[in-house]
Amino acid sequence: MGRGKIEIKRIENSSNRQVTYSKRRNGIMKKAKEITVLCDAKVSLIIFASSGKMHEYCSPSTKLIDILDQYQKTSGKKLWDAKHENLSNEIDRIKKENDSMQIELRHLKGEDITSLPYKELMALEDALENGLTCVRAKQMDVLDMAKKNTKFLEEDNKQLNFIVNQQQLTYENVREHMDHHGYHQAARADFNSQMPFAFRVQPMQPNLQERM
């Protein structure tokens, strides 16, 4: 007897559901690879699990974006609006400009120039000479600014030295004046210290003076 027909409905048990999903997913992936090889078909397969994890397969001979473009053209359904199309075109344009600038930069460095024609080599030489002229002019501006700053610093230094010298002279004059007055005050104090003191000797015994 053959296997009975399985009713297709949601599996309630989470463990059984996960096992079935893994088996069926691998089976679909295998079939997609087989039909790609056997029939030279272009296949793109995307599966999202209930957890949100994505599994995908695309035929080696194509890309997902190419299949989506072909589907959009064939079915007439718009997968994205004009805004996204314009954005995609802008990205392609920027990529091309970036590639062109990278090539030009290599040429300016002297790389990959063996295949350039004479006119492009002359244009490259003119661009390098103009760039060198601008760099030298900028260097002169920097040197001039450095000289001006040095001159300003020297003038500020002279002014500060003058102020310091004036303050030093003032300090010395004040100190000399204070030393002069301090000498007279010290002499007066020394003179006062040499004055004799008047004192009276008190007898050790109160009645000693009467006995004498």
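## Contacts of His107

Contact here means heavy atoms within 4.5 Å. By that criterion, in this predicted model, His107 touches Asp112, Ile113, Leu116 and Leu124, leaving aside residues up to four places away in sequence. His107 belongs to helix H3, which covers residues 82–108.

Is His107 buried or exposed? Its relative accessible area is 16%. Buried means under 20%, so His107 counts as buried.

## Overall layout

The protein chain has five helices and two strands. Along the sequence, the order is α-β-β-α-α-α-α. The chain holds 212 residues, and 8% of them count as buried. His107 is one of the buried residues.

The exposed area of the protein chain is about 19900 Å². Carbon and sulfur atoms supply 57% of that area. Now take the contacts with a separation of 6 or more: residues 24 or more positions apart account for 18% of them.

## Helix H2 and its end

Helix H2 runs over residues 64–75, twelve residues in total. What span should helix H2 have at 1.5 Å a residue? The expected value is 1.5 Å times one less than the number of residues, so helix H2 should span 16 Å. The C-alpha atoms at its ends are 16 Å apart, which agrees with the expected span.

Gly76 comes just after H2. Gly76 takes a positive phi of about 80°.

## Salt bridges

Side chains of opposite charge can pair when their charged atoms come close. A search of the whole structure finds four salt bridges. Among them is the pair Glu12 and Arg10, whose closest N and O atoms are 3.2 Å apart. Both Glu12 and Arg10 are exposed.

Helix H3 carries a linked set. Glu90, Arg93 and Glu97 form a network of salt bridges. Glu90 pairs with Arg93, with the closest N and O atoms 2.3 Å apart. Glu97 also pairs with Arg93, with the closest N and O atoms 2.4 Å apart. Why are these residues about one helical turn apart? Glu90 and Arg93 are three residues apart in helix H3, so about one helical turn separates them. Glu97 and Arg93 are four residues apart in helix H3, so about one helical turn separates them too.

The network residues are partly exposed. Relative accessible area is 33% for Glu90, 36% for Arg93 and 40% for Glu97.

## Cysteines

A disulfide is a covalent bond between the sulfur atoms of two cysteines. How many disulfides does a search of the whole structure find? The count is zero.

Two cysteines are worth locating. Cys39 is exposed, with a relative accessible area of 52%. Cys134 also counts as exposed, at 54% relative accessibility.

## A nonpolar surface patch

Which residues make the nonpolar surface patch? They are Ile46, Phe48 and Met54. The patch measures about 300 Å².

Met54 lies in strand S2, which covers residues 54–58. The relative accessible area of Met54 is 40%. A patch residue needs over 30%, so Met54 clears that cut-off. By the same value, Met54 counts as partly exposed.

Note on methods. Residues are numbered from 1 along each chain as its sequence is written. This is a predicted model: local features need pLDDT of at least 70, side-chain atom pairs count only at pLDDT 80 or more; totals for chains, interfaces and linings use all residues. Side-chain values use heavy atoms; hydrogens and water are left out. Patches are made of residues with over 30% relative accessible area and no salt bridge: like charges are joined within 9 Å, nonpolar side chains (Val, Leu, Ile, Met, Phe, Trp, Tyr) within 5 Å. Accessible areas come from the Shrake-Rupley method with a 1.4 Å probe; for residues, only the protein chains shown count as cover. A salt bridge is a side-chain nitrogen of Lys or Arg within 4 Å of a carboxyl oxygen of Asp or Glu. Buried means under 20% relative accessible area, exposed over 50%, partly exposed in between (1.4 Å probe, protein chains only). A disulfide is a pair of cysteine sulfur atoms within 2.5 Å.
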